[in-house]
Structure formats: C-alpha cells, structure tokens
Amino acid sequence: MIHCALCFHDSGERYKTVYCALLSCFENTSERIHVHALIDTSAAHCKPWLEELCARYGNSITFYENVKVPKEVLDTFPGGYVAIYTEASLYRMCLHEQLPEEVEKVVYFDFDVIFERDIADLWNMELGNAWMLATHDPERVWSRSKQEYYIKALDLDEKRYFNSGVLLMNLKALREASKDGNVFWKAYIAGAEKFRTLKITVFDQDLLNHMLSRDHEKLLLTDISFNYELCLSDRRFLRLKDLKGKILHFPALKPWEKFFPAQLVYWKYYSRTPWADEVFPLIEERMFDPTDRIWPFLMWLWRKHTSLRWLARLRGSR
C-alpha cells in the first residue's frame, strides 16, 4: 500500500485540479494507494467527488478536516495572515502529527501536479534516517538580485535548492525529531524575522530549504524527473515529447489560467473527469483570450526556438 498526501484549500473549482492530479496518479500505477487529504472548510463539498474517484480505482481516502496551524506561527506573517498561499499550504508541516502512527512515510504532492510515471518509483526509494527526499533542478538559474536577497538571506546551498511540490517524507523520523514540539513550527517561529526580509516568499519552501538544503543527512535529492517544473523562464513548457515518464509540476504557469503546449497533458486527464465537456471551451477561452499576450509569443517561439537558443540564458526570473 502506497500512502500519499495532499493539502488544499478550494478557491472555487480547485477540487477539479485535485481530481486530475489523483486521476493521473491512479492511471499510472498498478499498486493500491491510500490518499490522505488535509482540507479546510472550503473543500468539504468536494469529498464525494474524490471518494468516488478513489473507489473506482480500488483505492481509499481519509479526510483530515480539523488541522490547525498554531497561532504563534500565523503571528509570524504580516497581519497574522498567510495571504495567497492560505493556511492549507502549511498543512504538510504537520503530516507527521496528523497521519496515523503506522504510516511511517508518505508521498506528498501539490494539487498542480500531473503524473506521467508510476508513483511507486518514488515511494520505493530508501530514506534511511533522512527526513525527506526531494528534487533539485540543475537547470535552475538564479538572477543576481535573487541570489543576493534570497540565497544569502536564508543561507541556502544553491546546488541543493529544492521545490517542495513533490516530497517523499519520513514521518517516523519527523515524529522522533518533534518529541519536544513540531520541529517545523519551532523553526518558523525562530526564523520569522529572517523570512520577513524577503521580497518574495514561498512560505513552506523557504523554511524547508533554510532548514535542510545544507544538511546532507536529513535531505536526500533525486533527479528532476520526479518533480519536473514547467515555468515561463525555461523552454520545457514547449516540448511535449520531453514530458513522458515524469511527474509534471505547474508551479507558475497554470493550465487553467494560460495556454501553452505542455498543458495538453493536463487536459488529457481533465477529459476523463466528470467535467469532460468543459475541456474544449476552456482551451478555446485561453487560446483566444484578448488580454493574454503570452500565447502569440509562445507560438512564435515554438516555431523559431531552434535558432534562438540564446533565449534559454534569459531564465533568471525564477
């Protein structure tokens, strides 16, 4: 049995994206999966959809609806408010407290992930005593200004920086480390002043990299195929043939907001959901959005990219 976890707040129709993520996961593995869904009150209405999906594939799901982020942690944010990320974005920090003791590890993934490979490939990796296994992207390019205020401010190892959207987490080791209180909440409170200095914050990711990027014993790294980020600042979003056999992540470019070639994989799974009749209208709406200037540029770049490789160097905006 593979255990996986999602944590989400539903801002309208987010549950449809969660549905696609789980559907792609189930479609690409032959093993049984138990889903642990940490949700707030906004997502309660989506439970029947996710229960039906899990049952259809012979999988199971448990909902955790009373997750609380400590007030001391919320107070570290300006105005005591987590802004666009919502409190649900912090729920992954207490998976070791919420999930049953018999669950000793879990694959955590964000809602904006699509599986084009077997989740068992990640689940079966050895953790030893490490707290988690994540993906380092060797093609990530940092701008000089971001290196100055981000890498240096948080004392990160740039060569071991990781995205927190897909993680294999050692819950047994985290429970041991949290005997005197949740190790992540304690670090949040201790580092609050440092995090406030950042111009741009990715709250959980800031903390995890600050804590672990330099610790080779607590953090293990694997290759980018387990968290293949599709961003505007590289050309991956153009190359459909490179998406096979990977766990795809849409951290900045969202298929439901903009149109770009790589999002067709997302719509492939959306077309197998109860909302399949929405696919073509949604694609058309994004392709011909008069306020969107990205799509015409992408089409031009797609045709010309072989002679414009120098553009790949202008990727310092991440």
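The exchange below goes through the sheets, helices and aromatic pairs of a predicted model.

Biologist: How many helices and strands does the protein chain have?
Modeller: This is a predicted model. Of the 318 residues in the protein chain, 55% are buried. The secondary structure of the protein chain comes to 13 helices and 10 strands.

Biologist: Among contacts between residues at least 6 apart in sequence, what share joins residues at least 24 apart?
Modeller: The accessible surface of the protein chain is about 14,700 Å², and carbon and sulfur atoms hold 53% of that surface. For contacts, the pairs counted are those at least 6 residues apart in sequence. The share of these that joins residues at least 24 apart is 77%.

Biologist: In what order do the strands of the seven-stranded open sheet lie?
Modeller: The pairing in this sheet is mixed. From one strand to the next, the twist averages 30°. Read across the sheet, the order is E3-E2-E1-E4-E7-E6-E8.

Biologist: Which strands of that sheet are left with one side without a neighbour?
Modeller: A strand at the edge has a single partner strand, so one side of it has no neighbour in the sheet. Two strands are placed that way, one covering residues 60–64 and the other 219–222. They are E3 and E8.

Biologist: Are the two faces of E1 buried or exposed?
Modeller: E1 spans residues 2–8, and seven of its seven residues are buried. One side carries Ile2, Cys4, Leu6 and Phe8, while the other carries His3, Ala5 and Cys7. The residues on both sides count as under 20% relative accessible area, so the two faces are buried.

Biologist: How many bridges join E1 to E2?
Modeller: E1 and E2, the latter being residues 33–39, run parallel. Cys4 stands opposite Val35 in E2, and Leu6 stands opposite Ala37 in E2. The number of bridges joining E1 to E2 is seven.

Biologist: Is the β-α-β crossover from E1 to E2 right-handed or left-handed?
Modeller: Seven bridges join these parallel strands. Between E1 and E2 the chain passes through helix H1, residues 14–27. The crossover is right-handed.

Biologist: Which residue of E4 stands opposite Ala5?
Modeller: E4 covers residues 105–109 and pairs with E1 in the parallel sense. Two bridges make up that pairing. Opposite Ala5 stands Tyr108.

Biologist: What strand order does the three-stranded open sheet have?
Modeller: Its pairing is mixed. The edge strands, each pairing on one side only, are E5 (113–115) and E9 (228–229). E9 runs parallel to E10 (residues 247–249), with two bridges between them, and Glu229 stands opposite His249 in E10. The order is E5-E10-E9.

Biologist: Why is H10 described as largely enclosed, and which elements do its buried residues pack against?
Modeller: Eight of the 10 residues of H10 are buried, so the rest of the structure largely encloses this helix. The buried residues include Phe203, Leu207, Leu208 and Leu212, along with the polar-named Asp204 and Asn209. H10, residues 203–212, lies across E6, E7 and E8 and runs at about 65° to E7. The packing partners of its buried residues are E6, H6, E7, H8, H9 and E8.

Biologist: Is the pair of Trp185 and Tyr188 stacked, tilted or edge-to-face?
Modeller: Trp185 and Tyr188 sit three residues apart in H8, which means about one helical turn between them, and both are buried. Their ring centres are 6.5 Å apart, with 35° between the planes. An angle that is neither under 30 nor over 60 degrees counts as tilted, so the pair is tilted.

Biologist: Which aromatic cluster contains Tyr266 and Trp267?
Modeller: The rings of Tyr266 and Trp267 have centres 5.0 Å apart and planes at 75°, so this pair is edge-to-face. Tyr266 is buried at 3% relative accessibility, and Trp267 is buried at 4%. The cluster is made up of Phe111, Trp256, Tyr266, Trp267 and Tyr270.

Technical notes
Residues numbered from 1 in each chain as written. Predicted model: local features only at pLDDT ≥ 70, side-chain atom pairs only at ≥ 80, totals over all residues. Heavy atoms only, no water. Buried < 20%, exposed > 50% of the residue type's maximum accessible area, 1.4 Å probe, protein only. Helix = DSSP H or I, 4+ residues; strand = E, 2+ residues; numbered from the N terminus. Pairing = 2+ DSSP bridges. Right-handed = clockwise from strand over helix to strand, strands pointing away. Axes fitted to C-alpha atoms, helices over the stretch in contact; angles between N-to-C directions. Contact = heavy atoms within 4.5 Å. Areas by Shrake-Rupley, 256 points an atom, 1.4 Å probe, with all protein chains shown as cover. Phe/Tyr/Trp six-rings, centres within 6.5 Å; stacked < 30°, edge-to-face > 60°.
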